[in-house]
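Biologist: I have a sequence and a fold on my screen, and I would like to know what lies behind the words people use for it. Could you take me through it, one question at a time?

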Amino acid sequence: MKIIVASFQCESNSLAKLRPSISDFEYFRGEDIFKKLAVRDIFEEKGYAVIPSIYAVALPSGTVDRNIYDHYASQILNTVRDNPDADGIFIFFHGSMHVEEIGSAELNILKEIRRIVNPECLIALSLDAHANITDELSDYADIISGFKTVPHTDQRECQRRAANALCYCLENGIKPYTYIQRVPFLLKNDTLQTAFEPLKSLIDETLLLESESDVLTANLFLGHCWIDAPNTSASTVVCAADKKRAELVAKDLANKLWATRRDYKFLCEAELPEECVKRAVDGEEHRIFITDSGDNTTAGAEGDSVDILKLILKIAPEKKTCVAGITNGEIVNGFWGTKDGDKVQLSLLGGIDATVKVHGEILGWTKEIIGRSLTLSIGNVDVVFTELRSAFIEKGNFDKAGVDLLSYRIVVVKLGYLFTELKPFADRELFALSDGASCVELSRLGLKKIIRPMFPLDDFEWKA
Ligand SMILES: [Zn+2]
């Protein structure tokens, strides 16, 4: 009895210019993948031989080039070819990887896998809550389990839920049924957080459903609005042994999700960038964070905009400020040979004088060191430049870059909402409604390939 385990993830933003390269993926193969995945013990305790394939995960980025997709997908397919008698396959995908020419990476890999494995083989997926689910996915995946937290803190639990459901079905000879109900609803990702209503009650309901013996998994997928593709939307997905039950529960959840569509609000002050900077300057709080939501690297944007930095330098150059992680390999490479304390000129900002503060490192998406950072001080404003796209989602990112997060009054990061790990350091949070590939105003994204009607671009009645 054997189970294949793999992971291949990159949340795509088809509006972003930069595409991920091979080296943007943190990559492990064989036994090493279990440093990153949380399911091995579940399968081994049940007596399965666990066959590791690959783990390839990148920070969200633009559309994935076909050759990069093929490079990693082919390795998963090779593992499957070497083990065509596998009883089960577990894959931790994101669910919103968009590939040039073919669209959904997840759907395409599953189609290929099904051509190889025996028809009895069960496939279980663990997916991000921001997955854009294609209707056809249920033709190929037997079990789907999605994160129940936004911001995400339950990646391990989600994997383990999928793995346990897979074992349960294999042990009991169950061929589960997955019902997918797309919901024509696409909200600003950053208004959707599971700790708050109305999403909290909906998530609680999925947990309650999963505690019932006839529902294997019950999921809400919120969709990922920055992919211009027909499968972009929210959805509900329910897996159960009984087809009717799965359909009934998925439709009921979909109708409840739809009913909340007007109830999502920003959970902190959300203003245009200039107003955010002014409020941060006038604010009495000890430390104020501004998130540059239009250039949010965790939503696939480039992270190279200096618009808010320019506003800070214009409005509040005297405030002790850190702007962290502006993507600019040219600056990091060009000044890497300097020593801390050296004076340099920044042509990026019209030849302004700066002082090299510290040479540091970039902590990657999966908490490994992936490259170099260089922090330059312009008066009281420290700017952390990174040679690769990065996301400052926790204090450890600042520590690795060599800057003391606790020493700043204003901190600007390339995020939408603040990640849970940063919240304890923020006495106030300002959400800057900036332009860019991760702009949160749907009407400004120019989406042409999504299904219509789609709320809130269209206002209409709908029922599952
Ligand atoms: Zn997500």
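Modeller: Happily, and please keep in mind that this is a predicted model. Let us begin with strands β1 (residues 2-9) and β3 (residues 49-58), which run parallel and are joined by seven bridges.

Biologist: What makes β1 and β3 a pair?

Modeller: Two strands pair if there are at least two bridges between them. β1 and β3 have seven bridges, so they count as paired. For one example, V5 has P52 in β3 as its bridge partner.

Biologist: Which sheet do they belong to, and in what order do its strands come?

Modeller: It is an open sheet of six strands, with the order β2-β3-β1-β4-β7-β8 and mixed pairing.

Biologist: Why are β2 and β8 said to stand at the edges?

Modeller: β2 (25-29) and β8 each have a single partner strand, so one side of each has no neighbour in the sheet. From one strand to the next, the twist averages 10°.

Biologist: Which helix lies across β4, β7 and β8?

Modeller: That is α5, which lies across β4 (88-93), β7 (122-127) and β8 and runs at about 165° to β7. The angle is taken between N-to-C directions on a scale from 0 to 180 degrees, so about 165° puts α5 and β7 in nearly opposite directions.

Biologist: What is found in the loop between β8 and α5?

Modeller: P151 has its place there, in the loop between β8 (143-146) and α5 (155-171). The peptide bond joining V150 and P151 is cis, with omega about -5°. A second cis peptide bond runs from R452 to P453, with omega near 0°; P453 sits in the segment after β20.

Biologist: Which other backbone angle should I look at, and where is its residue?

Modeller: Look at E101, which is not a glycine yet has a positive phi of about 75°. E101 is in the loop between β5 (98-99) and β6 (103-104).

Biologist: Why is E101 called exposed?

Modeller: A residue is exposed if 12 or fewer other C-beta atoms lie within 10 Å of its own. E101 has 9, so it is exposed.

Biologist: Now the other sheet, please. How many strands does it have, and which are at the edges?

Modeller: Nine strands form this open sheet, in the order β12-β20-β13-β19-β14-β18-β17-β16-β15, and the pairing is mixed. Its edge strands are β12 (269-271) and β15 (343-346), each pairing on one side only. Neighbouring strands are turned by 30° against each other on average, direction ignored.

Biologist: How do you know that the pairing is mixed?

Modeller: In general, strands of a sheet pair either parallel or antiparallel. Here β12 and β20 run parallel, joined by three bridges, and β13 and β20 also run parallel, with five bridges. By contrast, β17 (residues 369-378) and β18 (residues 381-386) run antiparallel, joined by six bridges. L374 stands opposite F385 in β18.

Biologist: Which residues stand opposite A432 in β20?

Modeller: E271 stands opposite A432, and D292 stands opposite A432 too.

Biologist: Which helices go with this sheet?

Modeller: Helix α8 (residues 273-282) lies across β12, β13 (288-292), β19 (410-413) and β20 (428-432), at about 160° to β20. Helix α9 (residues 307-315) packs on the sheet, touching β13, β14 (321-327), β17, β18, β19 and β20, and its direction makes about 155° with that of β14.

Biologist: What makes up the largest nonpolar core?

Modeller: That core has 147 residues, and I143, L166 and I290 have the most contacts inside it. The element giving the most is α5, with eight residues. Domain 1 (2-259) and domain 2 (273-432) both contribute residues, so the core lies between them. Among the contacts of I143 are L122, A124, L166 and C239.

Biologist: Last one: why would you call the whole chain compact?

Modeller: For 464 residues, a compact globule would have a radius of gyration near 23 Å; the chain has 23 Å, so it agrees with that expectation. Buried residues make up 50% of the chain, and its C-alpha atoms fill a box of roughly 70 × 50 × 40 Å along the principal axes.

Definitions and conventions:
Residues are numbered from 1 along each chain as its sequence is written. This is a predicted model: local features need pLDDT of at least 70, side-chain atom pairs count only at pLDDT 80 or more; totals for chains, interfaces and linings use all residues. Helices (H or I, at least four residues) and strands (E, at least two) are DSSP runs, numbered from the N terminus. Two residues are in contact if their C-beta atoms, placed from the backbone, lie within 7 Å. A residue is buried if 20 or more other C-beta atoms lie within 10 Å of its own, exposed if 12 or fewer, and partly exposed in between; C-beta atoms are placed from the backbone. A nonpolar core is a set of buried Ala, Val, Leu, Ile, Met, Phe, Trp, Tyr and Cys residues joined through C-beta atoms within 7 Å. Domain bounds come from an automatic or database domain assignment. The radius of gyration is taken over C-alpha atoms; the globule rule is 2.2 Å times the number of residues to the power 0.38. Lists of a residue's contacts leave out its neighbours within four places in sequence.
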